[in-house]
Amino acid sequence: MGIQGLSKVIGDHAPDAMRENEIKNFFGRKVAIDASMSIYQFMIAVRGQDGMQLTNEAGETTSHLMGIFYRTIRMVESGIKPCYVFDGKPPTLKSGELAKRQERRAEAEKEAATAQEAGDTENFDKFSRRTVKVTRAHNEECKRLLKLMGIPFMDAPCEAEAQCAALCKAGKVFAAGSEDMDTLTFGSPILVRHLTFSEQRKIPVAEIHLDKALAGLGMTTDQFIDLCILLGCDYCESIKGIGPAKAYELVKKHGTIEEVLKHIDTKKYAVPADWPFAEARRLFKTPDVTDPESVELKWEDPDEDGIVEFLVKDKGFNEERIRNAVKKLQKQRGQATQGRLDTFFTVKPKEGSASKKDTASKKSKPSGKKK
Amino acid sequence: MLEARMPQGAILRKCIDAIKDLVTDGNFDCNDSGIALQAMDNSHVALVNLFLRASGFDPYRCDRNLTLGVNLGGFSKVLKCMGNDDVVTVKAEDDGDTVSLTFESKDGGRVSEFELKLVDIDSEHLGIPDTNYDAIVSMPASEFQRICRDLSVLGESVIIDVSKDGVKFSASGESGTGSITVKQGASVDKESEGTTINLNSAVQLTFSLKYLQNFSKATALADQVTLSLSADVPLLVEYTIGEVGYVRYYLAPKIGDEN
């Protein structure tokens with residue numbers, strides 16, 4: 001999932017790149033959300049008291065709809081304008097990673113079955129959560145719901161994170177919303193995490209700025225991508241024995257993976273045979289995305305009766321609750337949105353101030369910013 | 001180092017009280033012209049700009065430009081310990097990590113000393129362009145405060161509508177609608193109670209009442225408040241503190257939804 005240990009590396013070397021914020025401070029912002037990842041989350045997290053997924057009378061899972069419906073409304077209530085991006089075909093390089101996931105799922109299924117037989121509810125709960133798989137039908141149902149809610153969505157030709165990043169880069173949205181750190185590797189200027197988390201968990205939304213991360217790390221975009229590949233991405237294996245600290249050090253010292261390979265002791269660090277790092281790098285640099293300029297995001301009025309028809313009649317949700325929730329959606333429509341000062345006033349570059357603390361912090365931070 | 005003595009210490013207290021609910025931390029930029037603070041609220045909707053002129057202090061000394069990062073909540077609590085007629089002296093060393101405050105009672109019978117820890121604040125500084133506003137309204141500060149309070153029972157936002165006849169503040173909500181119109185020159189006896197409108201062209205803008213109510217905490221500092229408005233730019237709410245300086249608030253308007 002994403003890039004291993006990247007958030008820690010950024011946290012260590014570029015702490016000002018990450019900012020925690022309350023969800024309500026994102027009002028008026030358009031955010032492109034990685035739908036596939038969110039749906040997966042919902043199917044794991046949204047459960048009934050018995051730890052089983054929510055289902056309707058026919059036994060079809062409804063956790064994903066519950067999640068999409070209420071968490072989207074929560075965002076809209078905070079004034080956020082969400083749009084969803086669904087995964088397309090995974091890149092061939094990901095097949096290794098996907099096969100691994102498949103394997104793990106199969107294992108978890110077995111474990112879950114044994115736990116259930118043994119009446120071990122705790123373990124059953126743990127493993128059944130790992131067996132979750134998002135099917136095409138789940139995605140289609142979510143799209144149908146979003147359409148009824150008047151929330152825009154799109155299909156990415158390939159990876160959803162990459163498309164979110166492209167939308168953000170083109171200024172179509174303020175930020176990309178995903179838990180996957182590789183959204184940054186795809187070049188998203190701003191990544192927000194924890195946006196679709198439950199309100200009860202009280203986890204603040206984390207905002208990560210790529211430019212500040214690069215400045216803090218003292219790396220160019222290319223070096224950053226190489227760093228991510230060394231840390232471990234979805235597309236190829238990483239080198240055994242090279243952890244976050246070592247990876248950072250190596251990229252800082254040698255600049256590119258090619259140079260790193262020339263300098264490390266290949267006996268100590270086993271480089272995978274035919275390591276396709278160059279191909280992974282290409283995927284990050286020029287991912288397969290729809291031209292963001294051709295994408296039109298339009299938020300529309302929700303279709304209350306349509307939602308009731310779908311969620312209440314087909315999926316067995318409580319009608320009163322659904323109608324109340326739709327009211328919240330409608331209320332937000334047509335309301336004037338609060339503007340922000342930074343759209344009117346320009347941020348002045350920081351002047352070197354005479355304060356002692358300032359100079360001290362400058363010393364401790366090497367600023368090797370290259371453009 | 002900085003050494004600034006303010007004969008009317010209560011002014012400093014009122015200034016901090018007027019901004020502490022809007023911003024939690026702020027950098028005081030001190031130089032030979034005076035002490036200035038610019039800070040935005042968390043959600044970047046409002047900005048406060050406080051300026052205290054060097055001439056408002058007696059004496060005022062600032063050899064080198066200094067930035068003092070202060071937690072305003074803590075600052076305000078310390079200032080509450082000051083008597084109403086106390087003289088306050090603010091001191092800070094060039095390399096220090098505290099700012100010291102001394103309150104002296106008028107008769108010199110009591111001297112209180114406080115030291116406040118400085119904090120490292122990473123704040124963005126905004127350049128505010130000079131704007132020729134379409135409408136500039138001066139009105140009694142207490143009247144403005146009351147309007148904001150009264151209308152906030154109805155809804156979250158107020159529409160400010162300035163025409164040549166007067167200023168109309170209106171709000172609407174689930175329970176109903178309401179409006180308050182203040183006419184030009186409505187003063188009866190005192191000049192400070194009148195309302196004047198300088199109008200180039202009529203404007204109508206929508207603002208969050210929550211923020212305006214917050215701004216009106218500066219009412220203790222001035223008799224009059226000046227509202228400067230132009231279409232599609234932030235509202236400027238200004239309270240002039242006599243000869244001492246000013247508190248200016250900027251508030252981004254609410255914008256109608258385009259899609």
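Let's start with contacts along chain B. Take the contacts in chain B between residues with a separation of 6 or more: 65% of them join residues that are 24 or more positions apart. Please keep in mind that we are looking at a predicted model here.

So what is chain B built from? Look for the secondary structure, and you will find 20 strands along with 4 helices. Now, how compact is chain B for its length? Its radius of gyration is 20 Å, and the globule rule gives 18 Å for 259 residues; these values are close, so chain B is as compact as a globular protein of that length. If you draw a box around its C-alpha atoms along the principal axes, that box is roughly 55 × 50 × 35 Å.

Next, the inside and the outside. Of the 259 residues in chain B, 51% are counted as buried. The area that chain B exposes is about 11,900 Å², with 43% of it supplied by carbon and sulfur atoms. As for charge, chain B carries 39 negative side chains and 23 positive ones. The centres of those two sets are 6 Å apart.

Now let me show you a few spots in the backbone. Please find Pro59(B), in the loop that runs between β4 (46-53) and β5 (60-62) of chain B. The peptide bond leading from Asp58(B) to Pro59(B) is cis, and its omega is near -5°.

Then there are two residues to look at for their phi angles. His44(B) is not a glycine, yet it has a positive phi of about 60°. You will see His44(B) in the loop between β3 (34-40) and β4 of chain B. Asp232(B), also a residue other than glycine, has a positive phi near 60°. Its place is the loop between β17 (224-229) and β18 (235-241) of chain B.

Are these two buried or exposed? His44(B) has a relative accessibility of 16%, and buried means under 20%, so His44(B) counts as buried. Asp232(B) stands at 56%, and exposed means over 50%, so Asp232(B) counts as exposed.

Finally, let's turn to chain A. How is chain A divided? There is domain 1, covering 1-218, and domain 2, covering 220-285. Where the two domains of chain A are in contact, domain 1 contributes 22 residues and domain 2 contributes 20 residues. Taken over C-alpha atoms, the centres of domain 1 and domain 2 of chain A are separated by 26 Å.

That's my tour, so thanks for listening!

Key:
Residues numbered from 1 in each chain as written. Chains lettered and ligands numbered in written order. Predicted model: local features only at pLDDT ≥ 70, side-chain atom pairs only at ≥ 80, totals over all residues. Heavy atoms only, no water. Helix = DSSP H or I, 4+ residues; strand = E, 2+ residues; numbered from the N terminus. Rg over C-alpha atoms; globule rule 2.2 N^0.38 Å. Buried < 20%, exposed > 50% of the residue type's maximum accessible area, 1.4 Å probe, protein only. Contact = heavy atoms within 4.5 Å. Areas by Shrake-Rupley, 256 points an atom, 1.4 Å probe, with all protein chains shown as cover. Lys, Arg positive; Asp, Glu negative; His and termini not counted. Charge placed at Lys NZ, Arg CZ, Asp CG, Glu CD. Domains from an automatic or database assignment.
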